[in-house]
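Dear colleague,

I am passing on the structure we spoke about, and below it you will find my notes on one of its helices and on the chain that holds it. Please read them with the structure open beside you.

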Amino acid sequence: MSGIEKTNTVRLENALIQIFLATAALFMLYPIFMMVLSGFKTTPEIFMSPFSFPERLNTENFQVIWNKTDVPRYFLNSVIVTLSSIILLLVTGTMAAYAIARYKFRGTLMVSLFFLSGLMLPIRLAIIPLFIQLKYLGLIDNLLGLIFIYTAMSLPATVFILTGFLRSLPKELEDSARMDGASELRIMIDIMVPLISPALVIAGIYSAVPIWNDFFFPLIFIQSPEWKTLAQGLTSFFGEYSINYGVLYAGLSLASLPMILIFIIQSRRFIAGMTAGALK
Amino acid sequence: MAQINMLDITKRFGDLEVISSTTLEINDGEFAVFVGPSGCGKSTLLRLLAGLDELTSGEIRLNNQRIDHLAPAKRGLAMVFQSYALYPHMSVYQNMSYSLKVAKEPKNVIDEKVKKAADILQLGEYLDRKPKELSGGQRQRVAIGRAIVREPKVFLFDEPLSNLDAKLRVQMRIELTKLHKALKTTMIYVTHDQVEAMTMADKIVVINEGRIEQVGAPLELYKKPKNKFVAGFIGSPAMNFFSGKVNKVSSTGIHFILENSDTLLFKKCQKPEVSVGENIQFGVRPEHFIFMKNQTQTINGKVYAVERLGGETYIYLNSKTDNDIIVHCSGDREIKVGENLDVGFSIKDCHLFNSNGWAIDK
Amino acid sequence: MHITDRDYQRAKIFRKLKKFLWLSFLLFPPALILITFIFLPMASALWYSVYEWNGLIRGEFIGLDNFRKVLLDPERNWFFFNALKNNILVFVSLMVIQNGTALIIALFLAREPKGARIYQVVFFLPVILSTVIIGFQWKMFLNPVFGLVNKLLNTIGLNEWALPWLGLPETALPTMILVNAWAWVGFPAIVFLAAIHRIPRDLIEAARLDGGSEWQIAKDIIWPLMAPAVTIIVVLTFIGSFNWFELPYIMAGLEGSPAYSTDMLGLLFYRTAFGSISAGGTEFGVGSALAVIIFLLIFLFSIIATKILTAREVEMG
C-alpha cells in the first residue's frame, strides 16, 4: 500500500469513528438535555410540542418546586447528610490510613486486611440487623443514622486510597519533623496530611457521589417527611405531581444540577475519583 | 562544649546485627566524618546518635550526660538529611522556623533567629519561596539553615552532597568547611565519598560492616592504614594490591616472590618480622609508582590501556597478578598500549599486609 | 546528673506505651464505626437466618429451615428462581450490550480523535446522576402516550413500534436493561480506556508498522493486555446486576410488574424482609436467609471469576 492510500484509509477510519462517537454522544446528552429543556415548558406545551424549544424560558415550574414543595428541604437534608458523612469519613479514614501507612507494628497486616475486607461486604443485605441495631441506638428516622452508615460503607475504600498515598511520602519528612520536636499528632496534621490533599479530594468525590445519590437507606430508615433526602423525596414528589410533567421535569433537573455542575467544573478529578476504586 | 561519646553501641534489626560493639569519641568542635561503603552502617550510626532509631545496647553521651533515652528533639542535635527533607508545602521561612514554632517561641525571637541563619547562608531573598522553586544547592542551604536555627550542640549531616552535581559538590564542600570554621560547632558528617572525607575532616572514622576499621586524621589514614580495607578505601584510584610469599631472609635483606613470578628485594631490611614461607600482601598506591630506571623494586606488566589527560596520565597494566595494576603519574607520558613496562616503587611507599589483612609494621 | 539504667528502661517503656496509645487513638474511631455498622450487622444477618422470627422478636433456632423455605417451598421458590433468572439475564445482557459498547467506545477514544476529552466527559455524565433521577426520567420518556420515545417513533413513522414499553412483560426488562446500559456505559468505557492507555505505545506502533489492521491489533494486543480491567468490570457488573434494586423499583415497582417480569432478588428481598413489618409476619428469618443466599451467590461468583480471569491476566502478562 502506498503512503497516500494508507493515509486515506486512516482518514476514512477516523471519520467513521468520529461519526460513531458523535452519534453516541448525542444519544447520551439528548435525554438529559430534553429533561432540562422540558423543565422550562408548561405541561400542555410538553405534550403538544415535545421536541421544540420552549416558547419562553418559563421558570414557573421551578418556582413551584422552590416554594410549594418539600424539595428544597429534601435538598438540604441531602447536603447535610453528604457533607457530614464526607467529613467524618475523611477524618476517621485518614486516621486509620495514617496508622497503617506510617507505622510498623505487630498486626499492621491484620489491621489493613480488616479495613479492606469491608469492601467485599454488601451491607445492604444486612439491612435487617442494621435496622434492628439502629432502632436500638435510637437512630431510626434520624439523619445521624444515615451518616454513620454511609461513613462505615465508604471507610474501606477511603482507607485503601489514602493508605496508598500516605505510604508514598518519604520517611525523611517524618524524621525531620521529629528532630524539629513535633509530636506525632503535629507531624500528621502539619505535614503529612496537607501533602496528600489531592488524595483527600479524590477519596471525597469517590464516596460523595454514591452517598448523594443513595435511595435505599433513606427509604428504609427515614419515615418522617421532614428528614427525607433528595433521592428519596423525589419519589413522594412524583407521587404528588404525577401528571404535572412540567414540574416533574423541573424537579429532576434541579435534583441533577449540583452533581452536573461539580462534574463539569472538576471533570478530570471526578472521573479519577470515581474510577479510583476500579483502577486501584 | 560538645563532646560525644558512643560506648559499646550495638544495633540489631531482627537477627541482623548492623552495628557491632562500637566505641567512639568525638571531641568538641571537631569535624568528624563517618565514611565507608554502602550498607556499612554509617547512616545507621548517625540515626542512632540522632535518636531516630533505638539502640539495642550501649550508651550515647553528650558532655558526659547520657542522652540515648531522650527523644530526638531533646538531645540538642540537628540533622541535615540527604534529600534535604524540606516540607514541600511550606515556604523557606516556614521550613526554617518550624522547630521554633513547635517550641512555641515568640514571633520576634523566631524572626531574629531565622534572619540570622538566612544571612549566614545567603538565603535572605528566598525566604518566601517554596522548595520546588529552588535549585538543588539552594534547597540544601535551606536544610542547613533549618539546622542552624535550632542552635544545636552538634550538627549531623547524612550524605548531604550526594544529590548535587559534581561542580556544585566541590563548591559546597568548601562552603561547609567555611561554615564549620565560622560556627565552631561539633559536626558529624556521613558520606561514602572518600574525597569528601579527606578534604573536610578533622577526624575520619572508616566503617565497614558495622565495625570501625580505623579512626584518625586524613593524612594519617592515607600514610598509615591499619588494614587492607582502609588502605583500599582511602585514596583514589584505589591502592594496587598483589600477593607474594617470603622466599628468603638473610643479611642482605628480605626476598619475596610475587604471584606473577616477579621478585622483590627489601635490601638491608630486618623489619618487618616475617618468616619464610609466609604469605604477604603488598599495596602500592598508583601515584607512588616511578619510571626511573634502576629502581630496586619493580613489577612487570603489559599495558592494556592508557588515559592521557594532559596534566596527568593513567596507565593500566596487566601483570598476571590477581588484580590489574593502575599507575597514576603527573604530566604527559607517551606510553603505548601493548608495551611491556617495569614500574618501580620504593619500600617506604609499599604497604605490607599479612594474610588476615592487617598491616605489618615496617 | 547520672541516668541510671533503671531510668533508661523506664523511659523506653514509657515511649512504647505512648506509641501504643497513639496508634489506638488513630485506629479506634474508624474501627468502631466499621464494626458497629458493618461487621456486626453482617454477622447478625448470618445469625438471624437460622432462627424463627415473630416480627422483631427472635424465636427458636430452626437451623436451615428458612433456607429451605426460600429454595424449596413451592409457594415461594417460584419467586426466587424467577428473580434469579432475571438477575442472570440482566448480567449477561449488560455484559454484551453495555460493556461491549463501552469497549468499542474505549477503543475508539484510545485513538485520540478530536474532542476525545469532551467525549469522555459526555459519556461519563449519566454515571454521576442518581439512579432515581434516571429511572424517573426514562419512565416519563417511555410513557406510552406522553413519553418522548413514542412521540419520536410516531413522528418518524414507526407507529407500530410505539409500544407500552414498561407495561408489557416481554419488553419491560429489556427496556430497563437498555436504560441501565445508557446510564452506565461511561464507567466501563473510562476504565477500559485507562487500561488501554497503560499499554506501552511501542507495542502498538510496532504492530502497526508490521502492517496489522486495527481489528487485528485490537484483538491480539490490546484485548489481552487489558485483562485486569476486564476482570474488574466483569466482577463489578455481576455485583451490580445482582444488586439491582433502585431501577426496577422506580420504573416497575416493588412487585416487579408487569407479572413479575422485572422482579429481582433485591426486590424480593425487600418484600420478604420489610413487606411484612406492617403485616407482622415471620419474614425476618426468611429474609435473612435470602440475604445470605444472595451474598453467597455474589461471593462465589466473584471468587471464581476472579480466579479464572486473573489466571488469564497472568498469561497475558
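A residue is called exposed here if 12 or fewer other C-beta atoms lie within 10 Å of its own, and buried if 20 or more do, the C-beta atoms being placed from the backbone. Please also bear in mind that this is a predicted model.

By that count, Asn108(B), Val109(B), Glu112(B) and Asp119(B) are exposed on one side of helix α3(B), while the buried residues of α3(B) are Ile110(B), Val114(B), Ala117(B) and Ala118(B). Viewed down the axis of α3(B), these buried residues fall within an arc of 100°, so they line one face of the helix. Among the elements that cover the buried residues of α3(B) are α2 (92-102) and α4 (136-149) of chain B.

As for the helix itself, α3 of chain B runs over residues 107-120, which makes 14 residues, and reaches 20 Å from its first C-alpha to its last, close to the 20 Å expected at 1.5 Å a residue. After α3(B) comes Gln122(B), which has a positive phi, near 55°.

Turning to the chain as a whole, chain B has 8 helices and 19 strands, and its C-alpha atoms fill a box of roughly 80 × 45 × 35 Å along the principal axes. Chain B has 362 residues, of which 41% count as buried. Of the contacts in chain B between residues at least 6 apart in sequence, 64% join residues at least 24 apart.

With best wishes

Terms used:
Residues are numbered from 1 along each chain as its sequence is written. Chains are lettered from A and ligands numbered from 1 in the order in which they are written. This is a predicted model: local features need pLDDT of at least 70, side-chain atom pairs count only at pLDDT 80 or more; totals for chains, interfaces and linings use all residues. Helices (H or I, at least four residues) and strands (E, at least two) are DSSP runs, numbered from the N terminus. The expected span of a helix is 1.5 Å times one less than its number of residues. The arc is that of the directions from the helix axis to the C-beta atoms. Two residues are in contact if their C-beta atoms, placed from the backbone, lie within 7 Å.
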